[in-house]
Amino acid sequence: QTQAAPASAPVVLGPALTPPTIGVVDMQKVVVESQAGKSIQAQLETEARKIRDQLSKLGEDLKAQDNELKRQRPILQPDAFNEKQQDLQRKDANAQQIQQERQEAFAKAQNDARNVVFDNVLDIVRQIAAERKIGLVLQRQGVLSIADKNMDITDDVIARLNTKLPSVTVTVAAPGQTGQQSAAPQAAPA
């Protein structure tokens, strides 16, 4: 018994699709080479050094107090020693909390500053894409190979970002002041 082959549905062709124009941006290069990225990095290095120095001094003070308490142990009454030891433990716990707060404030400031750059880069990429009729812009980190170097718009993005956003002010919140604005763009002079 033979069966007839099922009739295939007619193929409906729409208008031919034109391939999109593709652009590529190296975000890491933008962050490293742009004036705003360089200003952020320099400020972050300064802030990290300040935090490191502050925490180091705090640690040294606690160690000195601990050494002093150990030295005084033979001459202190047990109640007085226990009270001083508990006080030192509270100071140590407080120091650990300060360290955590400083690290969190630093990370927030870093993220806020980079977000200012990324928001501006996104605007610039949209402008370039509209001007050049680019239909798709990809991050360079996700692209294995670029056959046409004209697809890479990174240098144009950096040039425009340098004009639009020459620097970003990074502000690491002081201890106990988390939640404040951590980065502010510095607009180019008009």
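The legends below describe several close-up views of a predicted model of one protein.

**View 1. The overall arrangement of the protein combines 4 helices with 4 strands.** Followed from the N terminus, the elements of this predicted model come in the order β-α-α-α-β-α-β-β. The protein has 190 residues, and 27% of them count as buried. Among the contacts with a separation of 6 or more, 77% join residues that are 24 or more positions apart.

**View 2. Helices H2 and H3 pack against each other at an angle of about 175 degrees.** Helix H2 covers residues 35–72, helix H3 covers residues 78–132, and their axes lie 11 Å apart. Because angles over 145 degrees count as roughly antiparallel, H2 is described as roughly antiparallel to H3. When the residues in the contact of H2 with H3 are sorted by class, there are 16 nonpolar, 7 polar and 7 charged residues. The 38 residues of H2 reach 55 Å from the first C-alpha to the last, which is close to the 56 Å expected at 1.5 Å a residue. In H3, the 55 residues reach 80 Å between the first and the last C-alpha, close to an expected 81 Å at 1.5 Å a residue.

**View 3. The buried residues of helix H2 are covered by other elements of the protein, including H1, H3, H4 and E3.** Which residues of H2 are buried? They are Ala 36, Gly 37, Ser 39, Ile 40, Leu 44, Glu 47, Ile 51, Leu 55, Leu 62, Leu 69 and Gln 72. As background for reading this list, an α-helix has 3.6 residues a turn, so residues three or four places apart point the same way. Two residues of H2 can also be followed to positions elsewhere along the chain. The C-alpha atom of Ala 36 is separated by 9.4 Å from that of Val 116, although these positions lie 80 residues apart in chain numbering. Val 116 belongs to helix H3, and it counts as buried because its relative accessibility is 13%. Leu 44 is 10.0 Å from Thr 169, C-alpha to C-alpha, while the two are 125 residues apart in sequence. Thr 169 is part of strand E3 and is partly exposed, with a relative accessible area of 28%.

**View 4. The largest nonpolar core of the protein has 30 residues.** In soluble globular proteins, nonpolar side chains tend to be buried together. Within the largest core of this model, the residues with the most contacts are Val 117, Val 121, Val 157 and Val 168. At least two residues of this core come from each of helix H1 (27–33), H2, H3, helix H4 (154–164) and strand E3 (167–170). Which helix gives the most to this core? Helix H3 does, with 12 residues. Once residues up to four places away in sequence are set aside, Val 121 touches Met 27, Val 30, Val 157 and Leu 161. There is also a second, separate core of 5 residues, which includes Leu 69, Phe 81, Leu 88 and Ala 95.

**View 5. Met 27 of helix H1 is in contact with residues far along in the numbering, including Phe 118 and Gln 141.** Is Met 27 buried or exposed? Met 27 counts as buried, because its relative accessibility is 13%. If its neighbours within four places in sequence are left aside, Met 27 is in contact with Phe 118, Val 121, Gln 139 and Gln 141. The C-alpha atoms of Met 27 and Val 157 are separated by 9.5 Å, and these two residues are 130 residues apart along the chain.

**View 6. Lys 133 follows just after helix H3 and takes a positive phi of about 55 degrees.** The positive value belongs here to a residue other than glycine. Where does Lys 133 lie? Lys 133 is in the loop between H3 and strand E2 (136–139). With a relative accessibility of 65%, Lys 133 counts as exposed, whereas Val 116 in the preceding views counts as buried.

How values were computed. Residues are numbered from 1 along each chain as its sequence is written. This is a predicted model: local features need pLDDT of at least 70, side-chain atom pairs count only at pLDDT 80 or more; totals for chains, interfaces and linings use all residues. Side-chain values use heavy atoms; hydrogens and water are left out. Axes are lines fitted to C-alpha atoms, for helices over the stretch in contact, and angles run from 0 to 180 degrees between N-to-C directions. Angles under 35 degrees count as roughly parallel, over 145 as roughly antiparallel, 65 to 115 as roughly perpendicular and the rest as oblique. Ala, Val, Leu, Ile, Met, Phe, Trp, Tyr, Cys and Pro count as nonpolar, Asp, Glu, Lys and Arg as charged, and the others, Gly among them, as polar. A nonpolar core is a set of buried Ala, Val, Leu, Ile, Met, Phe, Trp, Tyr and Cys residues joined through side-chain atoms within 4.5 Å. Buried means under 20% relative accessible area, exposed over 50%, partly exposed in between (1.4 Å probe, protein chains only). Contact means heavy atoms within 4.5 Å. The expected span of a helix is 1.5 Å times one less than its number of residues.
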